Amino acid sequence: MSYLVIARKYRPQRFADVVGQEHVTTTLANAIKSGRIAHAYLLCGPRGTGKTSTARILAKALNCEHLVEGEPDGTCESCVAIDNGTSYDVQELDAASNNGVADVRELISRVALGSPGRTKVYILDEVHMLSSAASAALLKTLEEPPEHVKFVFA
């Protein structure tokens with residue numbers, strides 16, 4: 001049996017499971033229900049407030065085959081793949097470790113490629129750690145992303 005960090009073991013799987021961020025989760029669920037999805041989201045706050053968890057839930061909701069009131073069902077093929085970290089529809093980049101221009105250019109080169117799901121979601125965790133040059137390299141793609149691409153910055 002492999003060890004799993006407690007924060008990952010009990011990570012929220014639905015917007016309703018996120019504690020203390022109802023203003024954020026309600027807004028995101030309503031946006032999904034109404035089909036008014038922005039091309040980028042910025043989630044900010046202190047450590048441990050659920051930024052990355054909320055980003056993952058948003059990615060699941062954007063690709064879920066059986067949405068229930070803006071919430072991912074957690075059982076469809078897309079949701080399971082995202083939970084397992086094997087989805088081609090969700091790409092996570094730890095910007096604290098991968099903060100250079102080369103890392104961003106590699107990400108940009110994959111943006112135009114299609115994916116099996118409806119929406120390709122790029123989650124950039126610790127985005128404030130990107131170098132100035134890397135931020136500038138990302139800017140044009142962020143301003144005019146392909147229709148199927150969404151960015152979440154945490």
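In this predicted model, the side chain environment of L58 offers a starting point, since leaving aside residues up to four places away in sequence, L58 touches F15, L28, I32, Y41 and V152. Several of these residues reappear in the largest nonpolar core, which has 19 residues and in which F15, I32, L58, V90, V121, I123 and V152 are those with the most contacts. Two or more residues are given to this core by each of the elements α2 (22-34), α3 (51-63) and β3 (120-125), and the largest share, 6 residues, comes from α3. A second core, separate from the one just described, is made up of 15 residues, among them A95, L130, A134 and F153.

The strands β2 and β3 were examined next. Strand β2, which covers residues 90-94, pairs with β3 in the parallel sense over 5 bridges, and within this arrangement D94 stands opposite D125 in β3. Together with helix α5 (residues 101-111), β2 and β3 make a β-α-β unit that is right-handed. As a general point about such elements, the side chains of a regular strand alternate between the two faces of the sheet.

Charged side chains supply a further set of contacts, and the structure holds 5 salt bridges. In one of these, the side chains of E92 and R56 meet at 2.7 Å, N to O; because E92 lies in strand β2 and R56 in helix α3, the pair ties together parts that are 36 residues apart in sequence. Both partners fall in the intermediate class of exposure: E92 is partly exposed, with a relative accessible area of 39%, and R56 is likewise partly exposed, with a relative accessible area of 22%.

Helix α3 also takes part in a salt bridge through K60, whose side chain meets that of D83 at 3.1 Å, N to O. This pair links distant parts of the chain, with K60 in helix α3 and D83 in helix α4 (residues 77-84), 23 residues apart. The two partners are not alike in their surroundings, because K60, at 2% relative accessibility, counts as buried, whereas D83 is partly exposed, with a relative accessible area of 36%. The cut-off that places K60 in the buried class is a relative accessible area under 20%.

A salt bridge is also found between the side chains of K140 and E144, which meet at 3.4 Å, N to O. Here K140 is exposed, and E144 is exposed as well.

Technical notes
Residues numbered from 1 in each chain as written. Predicted model: local features only at pLDDT ≥ 70, side-chain atom pairs only at ≥ 80, totals over all residues. Heavy atoms only, no water. Core = buried A, V, L, I, M, F, W, Y, C linked by side-chain atoms within 4.5 Å. Buried < 20%, exposed > 50% of the residue type's maximum accessible area, 1.4 Å probe, protein only. Helix = DSSP H or I, 4+ residues; strand = E, 2+ residues; numbered from the N terminus. Contact = heavy atoms within 4.5 Å. Pairing = 2+ DSSP bridges. Right-handed = clockwise from strand over helix to strand, strands pointing away. Salt bridge = Lys/Arg side-chain N within 4 Å of Asp/Glu carboxyl O.
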